[in-house]
Amino acid sequence: MPGLRQWALAGLAACLLIGCSADKKSAGDPAADDHGTTNASHAAAGGHGSAHWSYAQQASWAVQSPEAAVCAAGKAQSPIALASEALVELPNLVGSYAPAEAAVFNNGHTIQINAAPGQTLNIGADVYQLVQAHFHAPSEHQLDGKIYPMEVHFVHKSESGKLAVLGALIDEGSENSQIAQIQAAIPKEQGENKAQPAAFDPVAMLPDDQTYFAYSGSLTTPPCSEGVRWSVLTRPITASAEQIAAFKKILGENARNLQDLHGREPILGS
Ligand SMILES: [Zn+2]
């Protein structure tokens, strides 16, 4: 594939919490939200971009639809608080991402970039296709008690429909040129049909550091479907204060509250 950029976040083999337990708790259609892929799945979820739910009233997410009951009743919800601990061996994260034109749009809850097909993330032996990336402000995951100004989620899907989300925290610092290109393309109107093209190089929104947290969680928007394989990088990327302010102006606050671990133990490794 021309222009392919390979990156690797090193680690060694271990199934641990993720993968092992992520697969057996899948509830509903995990694709049916902003972590999902298609218009059809959005429609099935009552419409992303609709005003049917809000970040201001998260307690009511569970009554949005029958499958969203897991928002309140689930025992493996996201986001969660992460805390540094001893490193263990985790599966390699190896991405094959290629810079390509992508569609940028505002779905009413986030700014989303639909990735061109053919980009993959391998976690150990498991292969996932990059579907889309989107932003939260402030960060949804917290690391050692710190809430970051933003967080970007790279949503991947396996051939069998399992989701893997790679999260990168965004701290205030140097301007990120890839974020600048995305911001320049954000349409004034909401809706996927108002998408604008932008050059999208996912690698430009990833840190070099190889350390990440792994845990089994959920979508962080209704219907909160579980069985999502989370990999959250511990080293943040940066965006300028102006870039962060520009996103916040559009997004408002679009972070779900922290969820109970219910006995889950996120694993930190590299
Ligand atoms: Zn997200």
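Reader: Which residue of β7 is the bridge partner of I113?
Author: In this predicted model, the bridge partner of I113 in β7 is A133. Residues are numbered from 1 along each chain as its sequence is written. Because the model is predicted, local features need pLDDT of at least 70 and side-chain atom pairs count only at pLDDT 80 or more, whereas totals for chains, interfaces and linings use all residues.

Reader: What makes β5 and β7 a pair, and in which sense do they run?
Author: Two strands pair if DSSP finds at least two bridges between them, and strand β5 (residues 111-114) has 3 bridges with β7, so the criterion is met. The sense of this pairing is antiparallel. Strands themselves are DSSP runs of E with at least two residues, while helices are runs of H or I with at least four, both numbered from the N terminus; on that basis the protein chain has 4 helices and 15 strands.

Reader: Which other strands pair with β7 in the antiparallel sense?
Author: Strand β6 (residues 120-123) does so over 4 bridges, with I123 standing opposite D126. In the hairpin of β6 and β7, 2 residues lie between the strands, and G124 takes a positive phi near 60°. Strand β10 (residues 150-157) pairs with β7 over 7 bridges, and there Q132 has V155 as its bridge partner.

Reader: Why is β7 called mostly covered?
Author: A residue is buried if 20 or more other C-beta atoms lie within 10 Å of its own, exposed if 12 or fewer, and partly exposed in between, with C-beta atoms placed from the backbone. In β7 (residues 126-136), 8 of the 11 residues are buried, and therefore the strand is described as mostly covered. Over the protein chain, buried residues make up 46% of the 270 residues.

Reader: What makes β2 and β9 edge strands?
Author: They belong to an open sheet of 3 strands with the order β2-β8-β9 and mixed pairing, where β2 (81-82) and β9 (146-147) each pair on one side only. Between β2 and β8 (residues 142-143) the sense is parallel, over 2 bridges, and L82 has L143 as its bridge partner.

Reader: Where does pLDDT stay under 50?
Author: pLDDT is the predictor's confidence in each residue, from 0 to 100, and its value stays under 50 over residues 10-50. For that stretch the model has 105 contacts beyond four places in sequence, a contact being two residues whose C-beta atoms, placed from the backbone, lie within 7 Å. The protein chain averages a pLDDT of 85, and 81% of the residues score at least 70.
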